[in-house]
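Please open the model in your viewer and keep the selection tool at hand. We will walk from one group of side chains to the next.

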Amino acid sequence: MLWNVRHGRFERTLSLLTAAGSMVTAAEIYLEHDRASFGNKMMWWPVVLGPLGAAAGVAGFRSDRAARTVLPLASAAIVANGLQGTYLHVRGIAQKPGGWSMARYNVELGPPLFAPLLVTMVGGMGLVASVLRRER
């Protein structure tokens, strides 16, 4: 694995992992946000960014130029959206009856606290892939 990183092979693999992670997380987010009836219009953003991240990941796998341009843009948008989602989920837990004074209960039954950070990690993988050396 270390040899692959040093010789540029890991960049393409990480681009594909970003694509796969984007689709899996977008599907999961869609199901969870659908359960909440998409009560906030911001809930659509991670669902929309998932396929964009997947397309950018595949493009980054196939093209060095896309890995340096499209992949970091899509990945940065995913990271920003994940951080925004973390804020919104923290706020959602605070708005539950009892708020943070009933943290154990509200964290378990409210919006998932760490789920947006998983989306942020997928975007982070794309950012790392975009700065790694390409296989020649």
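Select Arg35 to begin: in this predicted model, its relative accessibility of 67% puts Arg35 in the exposed class, because exposed means over 50%. Now add Glu32, and you will see the two side chains meet in a salt bridge, 3.5 Å from N to O. Is Glu32 buried, exposed or partly exposed? Glu32 counts as partly exposed, at 30% relative accessibility. Both residues belong to helix α2, and because they are 3 residues apart there, about one helical turn separates them.

Side chains of opposite charge can pair when their charged atoms come close. How many salt bridges does a search of the whole structure find? There are 3, so let us visit the others.

**Next stop: helix α4**

Select residues 64-68, which make up helix α4, and show the side chains of Asp64 and Arg68. They form a salt bridge with an N to O distance of 3.5 Å. The partners lie 4 residues apart, about one turn of the helix. Colour by accessibility, if you like: Arg68 is partly exposed at 34%, and Asp64 is likewise partly exposed, at 26%.

**On to helix α6**

Move to residues 103-109, helix α6, and pick out Arg104 and Glu108. Here the salt bridge spans 3.8 Å, N to O. Again the spacing is 4 residues, so about one helical turn lies between Glu108 and Arg104. Both of these side chains belong to residues that are exposed.

**The aromatic rings**

Clear the selection and show Tyr30, Phe38 and Trp44, which together form one aromatic cluster. The structure holds 3 aromatic pairs. One of them joins Tyr30 and Phe38: their ring centres are 5.6 Å apart, and with 45 degrees between the planes the pair is tilted. Then turn to Phe38 and Trp44. Why does this pair count as stacked? The ring centres of Phe38 and Trp44 are 3.8 Å apart and their planes meet at 10 degrees, so the pair falls under the 30 degrees cut-off for stacking.

Which member of this trio is buried? Phe38 is, with a relative accessible area of 10%, below the 20% limit for that class. Tyr30 counts as partly exposed at 34%, and Trp44 is also partly exposed, at 38%.

**From rings to surface**

Keep Tyr30 and Trp44 on screen and add Leu31, Val48 and Leu52: these five residues form a nonpolar patch on the surface, with about 480 Å² of accessible area together. Which helix gives the most to the nonpolar patch? Helix α3 does, with 3 residues. To see the helices involved, select 9-35 for α2 and 44-62 for α3, each of which supplies at least two residues of the patch. Leu52 is located in helix α3. With a relative accessible area of 49%, Leu52 is partly exposed, because the exposed class starts over 50%.

**Last stop: a charge over a ring**

Finally, select Arg12 and Phe61. What does the charged end of Arg12 sit over? It sits over the ring of Phe61, 4.2 Å from the ring centre. Draw a distance from CZ of Arg12 to the ring centre, and you have the last view of the tour.

Terms used. Residues are numbered from 1 along each chain as its sequence is written. This is a predicted model: local features need pLDDT of at least 70, side-chain atom pairs count only at pLDDT 80 or more; totals for chains, interfaces and linings use all residues. Side-chain values use heavy atoms; hydrogens and water are left out. Patches are made of residues with over 30% relative accessible area and no salt bridge: like charges are joined within 9 Å, nonpolar side chains (Val, Leu, Ile, Met, Phe, Trp, Tyr) within 5 Å. Accessible areas come from the Shrake-Rupley method with a 1.4 Å probe; for residues, only the protein chains shown count as cover. A salt bridge is a side-chain nitrogen of Lys or Arg within 4 Å of a carboxyl oxygen of Asp or Glu. Buried means under 20% relative accessible area, exposed over 50%, partly exposed in between (1.4 Å probe, protein chains only). Rings of Phe, Tyr and Trp (its six-membered ring) pair if their centres lie within 6.5 Å; planes under 30 degrees apart count as stacked, over 60 as edge-to-face and the rest as tilted. A charge sits over a ring if NZ of Lys or CZ of Arg is within 6 Å of the ring centre and within 35 degrees of the ring normal.
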